[in-house]
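Hello,

Here is the structure for you to look over. My notes follow below it.

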2 protein chains.
Amino acid sequence: MIIRIDPASPEPLFEQVVFAVKTAVAKGSAKEGDKLPSVRELARELAINPNTVVRAYEVLERDSVIVRRQGAGCFLTGRGSDLAGVERKRQMHDLLRRAATESFHLGFTPKEIERALQKCLDELQFDTKRKKA
Amino acid sequence: MIIRIDPASPEPLFEQVVFAVKTAVAKGSAKEGDKLPSVRELARELAINPNTVVRAYEVLERDSVIVRRQGAGCFLTGRGSDLAGVERKRQMHDLLRRAATESFHLGFTPKEIERALQKCLDELQFDTKRKKA
DNA sequence: TTAAGTGTTCTAGTTGATCTAGAACAGTTG
DNA sequence: CAACTGTTCTAGATCAACTAGAACACTTAA
């Protein structure tokens with residue numbers, strides 16, 4: 001699995017790692033059972049502290065994206081989030097409301113925002129569709 | 001204009017104020033020319049430091065949502081963002097990609113995500129449509 | 001003109017998140 | 001057993017966020 005981060009970004013390093021892994025899964029370029037780079041290996045690759053990688057992996061496990069097995073490594077789960085239905089919907093609604101509000105203030109119309117989302121969804125599913133085809 | 005924040009939220013207070021104002025505009029419950037609460041008044045209402053309100057208002061002015069007139073107060077502008085077209089699209093795409101990826105990991109399908117966005121857009125435009133009707 | 005209210009701009013300090021550094025311990029694999 | 005893996009500490013540096021207090025400049029209306 002290829003994970004890239006931007007050291008110059010204001011976003012915390014561990015969050016960038018979390019998002020990179022989640023994106024890889026959403027795009028289909030990584031799937032259930034795949035082994036992630038070890039804590040020390042990824043830290044070396046990204047030139048960051050191993051503890052920062054640990055923190056990212058902790059978040060990913062909390063979100064049920066991976067499981068960590070001591071001595072063995074970290075692996076992708078197939079399961080989604082463990083959250084209950086209502087809480088999941090609330091979280092998604094908050095995420096989209098925030099993005100929609102900001103987009104609105106950037107001057108886009110609802111139709112333009114809808115089209116842009118569809119484009120994002122298409123991009124995320126691109127690799128998955130190729131494999132199924 | 002009614003502005004509410006959650007002191008317990010992990011989100012910075014000044015960002016909560018920024019988002020509250022932007023949401024009020026997007027929902028149509030506040031419009032061009034409306035005067036915002038003074039720095040000291042809003043600080044008193046929200047029980048936060050005046051400097052925190054100043055910071056929020058600075059961001060809102062930078063985003064062309066308000067204008068600040070020394071001695072007079074802060075007022076809503078009708079204009080949208082000043083950013084160039086390409087940069088605006090890039091920002092919207094980033095916002096939506098993030099929301100889409102996270103929603104995907106919450107276990108929702110693209111169709112569900114699209115429907116949820118439409119609901120958010122409807123909610124944001126609800127008040128505006130009522131006035132036009 | 002003046003008083004009250006407004007935004008503007010400082011300095012100073014506290015708190016907490018982030019990240020680095022180094023070390024030790026524990027489980028897994030071949 | 002050796003080499004890998006994750007796990008868990010302590011300690012410290014740096015920075016963003018927030019608070020506190022003050023002083024200054026401008027606008028408005030009495």
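Which residue follows H3(A), and what is the sign of its phi? The residue is A:Ser64, and its phi is positive, near 65 degrees. Keep in mind that this is a predicted model.

On to the helix itself. H3(A) has 13 residues. From its first C-alpha to its last it reaches 18 Å, close to the 18 Å expected at 1.5 Å a residue. Four of its residues, A:Val53, A:Ala56, A:Tyr57 and A:Leu60, are buried. They lie on the same side of H3(A) because they cover an arc of only 100 degrees around the axis. The face turned away from that buried side carries A:Asn51 and A:Arg62, which are exposed. The cover over the buried residues of H3(A) includes H1, H2, S1 and S2 of chain A.

Next, the DNA. DNA strand C is surrounded by 22 residues. The closest are A:Leu13, A:Asn49, A:Gly71, B:Ser38 and B:Gly71. Several elements give two or more residues to this surface. From chain A they are helix H1 (13-27) and helix H3 (50-62). From chain B they are helix H2 (39-46), helix H3 (50-62) and strand S2 (73-76). H2(B) gives the largest share, three residues. By type, the surface near DNA strand C divides into 10 polar, eight nonpolar and four charged residues.

One link to check on screen: H3(A) has a buried side, and H3 of chain A also gives two or more residues to the surface near DNA strand C.

Best wishes

Terms used: Residues numbered from 1 in each chain as written. Chains lettered and ligands numbered in written order. Predicted model: local features only at pLDDT ≥ 70, side-chain atom pairs only at ≥ 80, totals over all residues. Near = placed C-beta within 6 Å. Nonpolar A, V, L, I, M, F, W, Y, C, P; charged D, E, K, R; others polar. Expected span 1.5 Å × (residues − 1). Buried ≥ 20, exposed ≤ 12 C-beta atoms within 10 Å, placed from the backbone. Arc of directions from axis to C-beta. Contact = placed C-beta atoms within 7 Å.
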